[in-house]
Amino acid sequence: MAGNRTFTMIKPDAFGAGNTGAILKIIEGAGFKIKAAKALRLTQEKAGKFYEVHKERPFYNDLCSYMSSGSILAAVLEKENAVADFRKLIGATNPVEAEEGTIRKLFAKSIEANAIHGSDSDENAEIESRFFFSKLEEV
Ligand code: CMP
């Protein structure tokens with residue numbers, strides 16, 4: 001995927017509030033192409049596996065409960081410089097610190113229920129995409 005793909009999830013707060021369409025419009029408007037997408041509900045165990053890197057953090061259990069509390073949209077996005085450009089588009093993890101116009105500033109409810117996820121590196125974009133999509137070469 002070398003630099004031109006990233007992985008995203010529209011999280012239960014934003015999906016449940018009916019903001020998926022508005023968020024995808026912003027994403028496409030910023031030049032990202034949707035290469036794969038599916039709506040699903042994570043189990044607590046699967047959320048725990050996805051966020052395993054945060055296992056030692058005090059917010060880990062709450063995060064896994066929250067991420068399995070409702071449906072999400074998982075998607076692979078393509079654009080030049082995808083990871084960095086997407087992180088900019090979604091804004092800071094804590095919506096209080098997110099810049100005006102970013103997806104989290106517009107839609108996030110809290111640092112945990114922060115509307116959307118974006119991979120933080122090319123390597124994690126690949127790992128996270130494969131967590132949800134096994135046949136990426138076909139998209
Ligand atoms: P995300 O970018 O998906 O990566 C890890 C997630 O953990 C993050 O978004 C938030 O949903 C959550 N998170 C990060 N920091 C905190 C925190 N201090 N308190 C609660 N949840 C957090």
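A molecule is said to sit in a pocket if more than half of its atoms lie within 2 Å of the pocket's grid points. By that criterion, the ligand in this predicted model sits in the largest pocket.

The shell around the ligand is a convenient place to start. It consists of K11, Y51, H54, F59, L63, T93, R104, I111, E112, N114 and H117. By residue class, this shell divides into 4 nonpolar, 4 polar and 3 charged residues. Three of the shell residues supply polar atoms close enough to the ligand to be listed individually as polar contacts, for which the cut-off is 3.5 Å between N or O atoms. In the side chain of Y51, an N or O atom is 2.6 Å from an oxygen atom of the ligand. E112 takes part through its backbone, where a polar atom is 2.9 Å from a ligand oxygen. N114 uses its side chain, with a polar atom 3.2 Å from an oxygen atom of the ligand. On its own the ligand has 450 Å² of accessible area, and the protein covers 80% of this.

The chain around strand β4 comes next. A115 is placed in the loop between α6 (103-107) and β4. The phi angle of A115 is near 70°, a positive value in a residue other than glycine. Most residues other than glycine have a negative phi. A115 has a relative accessible area of 0%, so it is classed as buried. On the other side of the strand, S119 is found in the loop between β4 (116-118) and α7 (122-132). S119 also has a relative accessible area of 0%, which means that it counts as buried. The side chain of S119 makes a polar contact of 2.7 Å with the side chain of E128. Further along, F133 belongs to the segment after α7. F133 is buried because its relative accessible area, 10%, falls under the 20% limit. Between the C-alpha atoms of F133 and L63 there are 22 Å in space and 70 residues along the chain. L63 is one of the residues around the ligand.

A second loop to look at joins β3 and α5. N81 lies in this loop, between β3 (72-78) and α5 (82-90), and E80 is placed there too. N81 has a positive phi of about 55° although it is not a glycine. Are these two residues buried, partly exposed or exposed? N81 has a relative accessible area of 45%, so it counts as partly exposed. E80 reaches 69%, and because the limit for exposed is over 50%, E80 is classed as exposed. For E80 there is also a C-alpha separation to note: E80 and R5 are 75 residues apart along the chain, and their C-alpha atoms are separated by 7.7 Å.

Two helices complete the tour. Helix α2 spans residues 20-29 and contains I26. The relative accessibility of I26 is 25%, so this residue counts as partly exposed, a class that runs between 20% and 50%. The C-alpha atoms of I26 and I103 are separated by 7.9 Å, with their positions 77 residues apart along the chain. Helix α4 covers residues 60-67 and contains Y66. At a relative accessible area of 9%, Y66 is buried, because the value is under 20%. Y66 and N124 are 58 residues apart along the chain, and 21 Å separate their C-alpha atoms.

The C-alpha pairs can be read together as a guide to the fold. I26 and I103, at 7.9 Å, and E80 and R5, at 7.7 Å, are pairs from separate parts of the sequence. For F133 and L63 the separation is 22 Å, and for Y66 and N124 it is 21 Å.

Key: Residues are numbered from 1 along each chain as its sequence is written. Side-chain values use heavy atoms; hydrogens and water are left out. A residue is near a molecule or strand if one of its heavy atoms lies within 4 Å of it. A polar contact is a pair of N or O atoms within 3.5 Å; within protein, one must be able to donate a hydrogen and the other to accept it, and residues adjacent in sequence count only if both atoms are side-chain atoms. Accessible areas come from the Shrake-Rupley method with a 1.4 Å probe; for residues, only the protein chains shown count as cover. On a 1 Å grid over the protein atoms alone, a cavity is a set of points where a 1.4 Å probe fits but cannot get out, and a pocket is an open set with protein on both sides within 12 Å along at least five of seven lines; lining residues have an atom within 4 Å of a point. Ala, Val, Leu, Ile, Met, Phe, Trp, Tyr, Cys and Pro count as nonpolar, Asp, Glu, Lys and Arg as charged, and the others, Gly among them, as polar. Helices (H or I, at least four residues) and strands (E, at least two) are DSSP runs, numbered from the N terminus. Buried means under 20% relative accessible area, exposed over 50%, partly exposed in between (1.4 Å probe, protein chains only).
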